[in-house]
Amino acid sequence: FPLQAAIGFDISQNLFNNKRNLLVEDPADLILLNLMSGTLKSMSRTGLKEGITIMPIGGLEKLATFLLLLKSTKNNMVCLMPTASVSKTKTKQDTELWDQFINGKSFRFYDQYCEVNQASIEDLFEQNEIALALMSAYGTKVAESFKPVEGEGLITQLQFAIGRDSFDRLRIARELALLPNIKQNISEKTFNRFEKLFRDINKMM
């Protein structure tokens with residue numbers, strides 16, 4: 001409990017101190033956004049502009065807490081979430097804060113940048129790119145059992161291939177970040193999706 005409290009305090013302090021915060025679901029989003037932003041910048045293309053801090057908040061159901069915490073500040077916040085997270089706000093206060101935030105056009109969802117209805121950040125990658133990370137993380141046998149269906153979210157399909165109890169988004173993200181020759185192993189389609197996302201986020205900040 002003391003560690004969790006310390007982590008929570010550190011996050012809240014960062015939110016107060018940083019003027020531009022990009023709120024995401026969890027550390028896997030942080031790793032992959034930093035990976036793609038840095039790689040695009042190294043290619044003289046558009047990544048996240050300087051001064052934007054990516055902050056994992058634990059999902060959209062936690063958003064109301066952070067908005068309430070920062071209600072009195074003038075910090076600029078954008079929320080980038082998996083599409084399936086939309087339904088998770090429950091209370092009247094949550095709904096009111098949600099409406100204020102979304103009416104301010106401070107939301108982006110991953111399905112706006114790919115052809116998947118229930119999208120997470122993994123769906124911005126091509127299936128063969130995810131398969132490479134899957135092979136590195138879980139071995140050839142698991143990678144060969146991964147047979148994604150076009151138009152369906154990859155998270156559910158990865159859980160099916162790996163096993164729900166063994167699935168670890170962070171592990172997949174780390175393996176993607178460790179791919180050798182990242183510029184050669186990532187397709188132009190993937191770079192284009194992320195570049196469009198970063199351009200939109202930059203404009204909103």
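How many of the nine residues of helix α7 are buried? Seven of them are, so to speak "mostly covered" is a fair label for α7. Here "buried" is a matter of relative accessible area: under 20% is buried, over 50% is exposed, and anything in between is partly exposed (1.4 Å probe, protein chains only).

Before going on, a word about what you're looking at. This is a predicted model, in which local features need pLDDT of at least 70 and side-chain atom pairs count only at pLDDT 80 or more, while totals for chains, interfaces and linings use all residues. Residues are numbered from 1 along each chain as its sequence is written, and side-chain values use heavy atoms, with hydrogens and water left out.

**The overall layout**

The chain has ten helices and four strands. These elements are DSSP runs numbered from the N terminus: helices are H or I with at least four residues, strands are E with at least two. Read from the N terminus, the order is α-β-α-β-α-β-α-β-α-α-α-α-α-α. The chain has 205 residues, and 47% of them count as buried. Take the contacts (heavy atoms within 4.5 Å) with a separation of 6 or more: 77% of these join residues 24 or more positions apart.

**Two helices, α7 and α5**

Back to α7. Its buried residues are Leu154, Ile155, Gln157, Leu158, Gln159, Ala161 and Ile162. Among the elements that cover them are α5, α6 and α8. Just past the end of α7 sits Gly163, with a positive phi of about 105°.

Helix α5 covers residues 127-138. Its twelve residues, at 1.5 Å a residue, should span 16 Å, and the end C-alpha atoms are indeed 16 Å apart. (The expected span is 1.5 Å times one less than the number of residues.) The buried residues in α5 are Glu129, Ile130, Ala133, Leu134, Ala137 and Tyr138. Looking down the axis of α5, these buried residues fall within an arc of 140°, so they line one face of the helix. That arc is taken from the directions from the helix axis to the C-beta atoms. In general, an α-helix has 3.6 residues a turn, so residues three or four places apart point the same way. The buried residues of α5 pack against α6 (140-145), α7 (154-162), α8 (169-177), α9 (182-185) and α10 (188-204). After α5 comes Gly139, with a positive phi near 100°.

**A charged residue tucked away**

Which charged side chain is the nearest of opposite charge to Glu129? That would be Arg193, 5.8 Å away, and Glu129 is buried without a salt bridge. (Lys and Arg count as positive, Asp and Glu as negative; His and the chain ends are not counted.) Apart from neighbours within four places in sequence, Glu129 is in contact with Leu176, Asn185, Ile186, Ser187 and Thr190.

**Salt bridges**

A salt bridge here is a side-chain nitrogen of Lys or Arg within 4 Å of a carboxyl oxygen of Asp or Glu. By this rule there are twelve. Here are three of them:

| Pair | Closest N to O |
|---|---|
| Asp29 and Arg169 | 3.4 Å |
| Glu188 and Arg45 | 3.1 Å |
| Glu115 and Arg193 | 4.0 Å |

Asp29 and Arg169 form a salt bridge, and this pair links distant parts of the chain, with Asp29 in helix α2, Arg169 in helix α8, and their positions 140 residues apart. Both Asp29 and Arg169 are buried. They also belong to a network of salt bridges that links Glu25, Asp26, Asp29, Glu122 and Arg169.

Glu188 bridges to Arg45. Glu188 lies in helix α10 and Arg45 in the loop between α2 and β2, so this pair ties together parts 143 residues apart in sequence. At 45% relative accessibility, Glu188 is partly exposed.

Glu115 meets Arg193 in a salt bridge. Glu115 is exposed at 65% relative accessibility, whereas Arg193 is buried at 12%.

**Odd backbone angles and cysteines**

Ser44 isn't a glycine, yet its phi is positive, about 60°. Ser44 lies in the loop between α2 (27-42) and β2 (52-56), and is exposed at 71% relative accessibility. Asn181, also not a glycine, has a positive phi near 50°. Asn181 is in the loop between α8 and α9 and is exposed at 54%.

What about disulfides, meaning pairs of cysteine sulfur atoms within 2.5 Å? The count is zero. Cys79 is buried at 0% relative accessibility, and Cys114 is buried at 11%.

How values were computed. Disulfide = S-S within 2.5 Å.
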